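Good morning, everyone, and thank you for letting me take a few minutes of the meeting. I would like to walk through one structure with you, and I will try to go slowly.

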Amino acid sequence: MSQTHRIDAKLSAGQVDRSRTLRFHFDGVAYAGHPGDTLASALLANGVRLMGRSFKYHRPRGPISAGSEEPNALVELRSGARQEPNTRATVAELFDGLTAQSQNRWPSLRFDALSINDRLNSFFTAGFYYKTFMWPASFWEKVYEPIIRRAAGLGTLNRQEDPDSYDKGFLHCDVLIIGAGPAGLAAALTAGRSGARVILADEDFRMGGRLNAETFVLGEASGADWAKAAVAELASLPNVRLMARTTVVGTFDHGIYGAVERVSDHLLEPLPGKPRQTFWRIYSKRAILAGGATERPIAFENNDRPGIMLAGALRAYANRWGVAVGRRVAIFTNNDDGLRSAVDLAAKGVDVVAIIDSRADATLLPGIRHLRGAVVTDTAGRLGLSQVTVRHADGRSETIGVEALGVSGGWNPVVNLTSHHRAKPVWREDIAAFVPAGGESGLAPTYVAGAAGGDLSTHGALVTGNEMARRALEDLGFAARPSDLPRAEDAPVVLQPLWHVKGAKRAWIDQQNDVTVKDIKLAHQENFTAVEHLKRYTTLGMATDQGKTSNVLGLAVMAELTGKTIPQTGTTIYRPPYTPVALGALGGRARGRDFKPFRLTPSHKWAAEQGATFVEVGYWMRTQWVPRASETEWRQSVDREVLATRRSVGICDVTTLGKIDIQGTDAGVFLDRVYANTFSTLAVGKCRYGLMLREDGMVFDDGTTARMAPNEYVMTTTTANAVAVFRHLEFCRQCLWPDLDVQLISTTEAWAQFSVAGPNARNLLQKVVDQDISDAAFPYMAAGSITVGGLRARLFRISFSGELAYEIAVPTRYGDAMIRKLMEAGAEFDAVVYGTEALGVMRVEKGHVAGNELNGTSTALNMGLGKMVSRKKDSIGMVLSQREGMSRDDGLRLVGVKPVDPADALKAGSHLLKTGAAATVQNDDGWLTSLVWSPHLGHYIALAYLKNGANRLGETMRAVNLLAGTDVAVEIVSPHFIDPEGERLRG
Amino acid sequence: MRYSGFRILKEALTGHKGWTPAWRDPEPQASYDYVIVGGGGHGLATAYYLAKEFRQARIAVLEKGYLGGGNVGRNTTIIRSNYLLDGNEPFYEFSLKLWEGLEQDFNYNAMVSQRGIINLIHTDAARDAATRRGNAMILNGADAELLNRDQVKAMYPFLNFDDARFPIKGALMQRRGGTVRHDAVAWGYARGADSRGVDLIQNCEVTGMRIENGRILGVETSRGFIGAKKVGVAVAGSSSRVMAHAGMRLPIESHVLQAFVSEGLKPLIDGVMTFGAGHFYVSQSDKGGLVFGGDIDGYNSYAQRGNLPVIEDVIEGGMALMPMLGRARLLRAWGGIMDMSMDGSPIIDRTPVEGLYFNGGWCYGGFKATPASGWCFAHLLARDEPHPTATAYRFDRFLKGLMIDEKGQGATPNLH
Amino acid sequence: MIINHPILGPRDAQEFVYLGDASLIQRPDGMTASIEAFHDYTYLRDNSAGPHRELWYHEQGDRSWLVVTRNTLTHEILKVELARDVARAEGRSR
């Protein structure tokens, strides 16, 4: 099919490159277009008006606009994993090889089975679904809802992974100018010439805004040429960044704007190494909103047929794209701008058969049949407009055959971006439209220029663009040079509001969601008159266009019904984004394995060489176990690591524990206040277990802290709380006790730290370190600075496993060498590396608490550590830990649990119930917090929190896991399963 | 007027002339027995149950804006009773049971849809916690299942199982969880309350409280003084502002929570899903939009709008979980004011002022609680004693050390 | 949001961690104050709608705790101070 509706280039060349042809397919049919086309302009050039189906009634639809406000012409662009549902054909830039499909129809766009809904429209009124489908109750999920869900939705998302990449970026500027129409360009020229850092962003692929769609003359040049020259000058300024194909989608606090740059959407696929889109965060000192205005329709019976368009869109297709949507067209208007459409179209050789002008007193337009005081009452044409019915001023009706109808109800300034900041728009009677609140509507002052501010002429746009730039520059201390604005048209807005043609049965307001005047009447009848009720009940303005062409119209109809003015009726709040944004762009590079950063331990490389299994612990990857070739089950590896450690020696990378150096003459006092127990009395060269509470008295964290020198301590925290503890200590230091002489620095990543545990721990380490570490020289809980082959190091004699154990720390960059050295030295002892699983087994065997017990709702008393909370000094959490609900003797206590029959398996998370009692919450006495298989004992063991647990040792209970249907007899025992007297660790 | 399919048929054939207003717009009377401050979900439900279940009369609901304009109209519509702690789970299970019969009860199709909710599990510790929680749910009479990785994959094969930073190891599922059409909840309760004689008074802001000798006499409003024997406040994010009229400081901060919806898509996600390793949860509405959310922005705010860091954080979570989402588009982001309490759990209690009652501190979980919150608050107002499932929701739990802290974060509201 | 750090100049709020009301600086003395006093300090908030003094921590920066005065209705930031200076001015010392 050839481009039957392309206007002769001599009459309207448009801004498409007719010397080149682009091939594309829509619904499997091949078409041709030109560079500069959108999918919509190219389809219209090929005589295709039908591009989609509406949401509810599945009415045939074509585009009503030539821009991003489009509610109807939504297609699935591309195919396969790159398929993009709901793409507006009116802004999809044509490229060679483009494919698109129509959506929300079956089996085809021309014949859609669900258009039966249109026949049944009298049942499907606004909110009908709230009133039915209630009986029988079970039918909702099984019958009604599946049918509704299948019918609803628009396009289809392919379930494959998006193959394209997306970037995020940050930009800073003095002045951000949003929109590159006449106002934006004028503002950019003024701001750019002053030397200010300027960003000019426009959603279109061609800057110039309406200048590209009009026949205006600016000075001596056509509007489009003036825009081209302005863009060329701006491009030559190093302080100006031009961002075409970039939609500013959201206004955020303090001058921050979000913007999407469609880097590759105009290509078949992104160039290698290029993202599909980039999401920019733009930090601006001042912003100038020059986003223009959107034309609005008038509602009348059957005003939604393909071929019925906004009048300004009809002329944009003719002027910019050289496309006549129809050979015979009519215009329906309530304002002078509609007449301009008629004039432009006629000049392009289009047969304008009539102007239906609702104003009886409009100035008569010569040369075209101008029917004043007339309205369109109905239309015909099943899949595209074929005729309109006109009611003349005298009441006579006439049908006129046309292919296209341009409708103009006036222009609405784009208030969305200020609305994002909840600045209420202001109604302006003279243009019968809302304008942005303007001035300081946001927190970084925002200026509004051009049509966006209600100055709808080209002259007004240039003047206000220049003026707002001047004000912004003045704010920022830049000198604005005098500007040389070209002469331009300055037509006044001449408009008599007409919102809908009365008497119509179904006159569409929100075309995508099929909201009609009738629906608004029903909402009024049922008292859904508040603007938000209207919106939510009828779904007005909730489609993918957020009601850009429909909201004001809907308000106007409701205002008529209630007898209020439009501003009294209210405004709906536009929300970000301005136009829908691909989730890929907002997700950026944070996908797959790159979702969050990896933190690797110093022994990671070595462990990987050994074939270790790693596990995610926050952002850390820790060695979970290190399997040997003969081991097929993870338990075999873990059991071996545990037994080998308890028999001889094991090594574990504990670098992930938080490490904080605390120095100053008040370091001891400071620690006394942040720990529940006392540290100022700790001897130099010793370490102590510390229990840290939150101010609410719950246990926050635990770890050992060593006194390395009189005024120098080294604190360790749990892996999970390393960051939070450091933040808390800084809070205490800076906010609570600002004059204490104490300094903090996190050294978690400065030291590689290894636990060396087991009866041969000392023998192994003595081979590595330079100092004597005999029990006499380095007793239990000793700490000190040592050297390893001359390298500075730290040694702590502490134990989490219950064995004779040390933790040795070397500067992180020596961590890899250290693990290799330790393993080499340990060879004679059959040293093993043990991972987090074996670590967990040994700490449960020993009865030490860890993450599952440090759950943020446990007190020291719950953990059996109540005596550690000193009342002789003030410390964080000391007072509130004494509240009655937290200091009950019969409250939860940490206990040990073992199966009565050693062969029985247990599950962590099982609840403890009294023997013989029903499985109800009344009999729920506690739960298993941590569970391991003890290779040492040969059965499962668990830690548990149990009500009144301190007094229930020896009791037989049931560990019940209702999720798996298990119910196991267990005995409550001490949590210290091995070596309760601690003989091993002192060995 | 009773709604039914038959009624729609009849109206369709007679030009829809018979539909009557869903509620009246009465002028406020000089005084009432009960004044409920706040015409959101909880306030409307309270009035409805006061009238219907507790047979009380002379009730008014005062709403500063429009009915259902608070969080009931701007949430992600999820219902569930998958709580852990004894203070919470019976209450939320009561709520879920009320949801299950709600539409027939108030004769309004709120589209209560029990399509199941899953909480994904990514670590062994999370599985242990899910086991404990699932057992607590069942012990309280709720339903719970622990799914393994393959069961999750069978349900949602398009999740990222192969290339994930935090692998999916299973899920805790509650099949009775699901979604509800949020606005319809407010409207159903409003209509039901109105038809039982409750005066729903919109555009009526409470500007003060008249308290004498420790007893409330009524409220000052933008439409004049309204006397009341009992005043119940259920104003969510505005709790601190309203209770300040009674000289009370609350254990509550107001924070902004953003929520999101995509463009309409053909059916993709059947139930509700939460991604524990990221800040992301999602369901798909009957209209086809993916409804999703994540963390609160984290700073005190009454602005009903948020900022980019959280928007990006949430969607990064979505992309990590479902890499296919790249080509779906975000349609709208909006913000609501959350009454974040100091332990993440609500308060339904008397106050030191006789006749003044408070319901708030719902954090971002208030929607699912709507029916039980209304019922329990009505119970407290009518009988002056707490409903059995809401006995723990007292002000003095903080003084007594009886916090109900599901997340174990302590008195830092933005972490709940 | 952008926080104008008294030492480092304007920084994106994303670099900071929020704690809450700056009244948390006024911690009672645990050796003398009652449980009630600690309850009020720990749990009760003015939760102002309007100017709000609040604590932010520059975690991805210089580790300063700041007291930011910010309007919770508009998010406008009216003042930014080092928390240590505020604490001292409010009489806190050792």
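Let me begin with a single pair of residues, Ala582(A) and Arg329(B), where Arg329(B), which belongs to strand S16 of chain B, is the bridge partner of Ala582(A). Please keep in mind throughout that what we are looking at is a predicted model. The strands involved are S31 of chain A, residues 581-582, and S16(B), and they pair in the antiparallel sense over two bridges.

That pairing leads us to the contact between the two chains, so to speak, and here one may ask how many residues each chain gives to the contact. Chain B gives 88 residues and chain A gives 97 residues. On the side of chain B that touches chain A, several elements give two or more residues, among them helix H1 (5-13), helix H3 (89-106), strand S12 (252-264) and S16(B), which runs over 329-341. The largest share of that side, 10 residues, comes from H4(B), a helix covering residues 124-139. If we sort the residues on this side of chain B by character, we find 38 nonpolar, 26 polar and 24 charged.

Staying with chain B for a moment, its domain assignment gives domain 1, made of 24-77, 183-251 and 346-415, and domain 2, made of 113-178 and 253-341. The centres of these domains of chain B, taken over C-alpha atoms, are separated by 29 Å. Their contact takes 19 residues from domain 1 of chain B and 18 residues from domain 2 of chain B, and the residues on the domain 1 side divide into eight nonpolar, 10 polar and one charged.

Now let us turn to chain A, in which there are 21 helices and 51 strands. Its C-alpha trace spans about 115 × 70 × 55 Å along the principal axes, and of its 987 residues, 61% are buried. Among contacts in chain A between residues at least 6 apart in sequence, 66% join residues at least 24 apart.

One sheet in chain A deserves a careful look, namely an open sheet of five strands in the order S37-S38-S39-S36-S40, with antiparallel pairing. Why do S37(A) and S40(A) each have one side left without a neighbour in the sheet? Both strands stand at the edges, and each has a single partner strand, so one side of each is left without a neighbour there. From one strand to the next, the twist averages 25°. The antiparallel pair of S36(A), residues 658-663, and S40(A) is held over four bridges, and within that pair Gln663(A) stands opposite Gln743(A). Helix H17 of chain A, residues 667-674, packs on this sheet, touching S36, S37, S38 and S39 of chain A, and the direction of the helix makes about 135° with that of S36(A).

Finally, I come to the nonpolar cores. The largest has 331 residues, and those touching the most other members are Ile177(A), Ala187(A), Ile288(A), Ile356(A), Val35(B) and Val37(B). Helix H9 of chain B, residues 366-383, gives the largest share of this core, nine residues. Leaving aside residues up to four places away in sequence, the residues that Ile177(A) touches include Ala187(A), Val198(A), Leu200(A) and Ile288(A). A second, separate core has 137 residues, including Ala612(A), Ala722(A), Ile876(A) and Ala942(A).

Methods:
Residues are numbered from 1 along each chain as its sequence is written. Chains are lettered from A and ligands numbered from 1 in the order in which they are written. This is a predicted model: local features need pLDDT of at least 70, side-chain atom pairs count only at pLDDT 80 or more; totals for chains, interfaces and linings use all residues. A nonpolar core is a set of buried Ala, Val, Leu, Ile, Met, Phe, Trp, Tyr and Cys residues joined through C-beta atoms within 7 Å. A residue is buried if 20 or more other C-beta atoms lie within 10 Å of its own, exposed if 12 or fewer, and partly exposed in between; C-beta atoms are placed from the backbone. Two residues are in contact if their C-beta atoms, placed from the backbone, lie within 7 Å. Ala, Val, Leu, Ile, Met, Phe, Trp, Tyr, Cys and Pro count as nonpolar, Asp, Glu, Lys and Arg as charged, and the others, Gly among them, as polar. Two strands pair if DSSP finds at least two bridges between them. Domain bounds come from an automatic or database domain assignment. Axes are lines fitted to C-alpha atoms, for helices over the stretch in contact, and angles run from 0 to 180 degrees between N-to-C directions.
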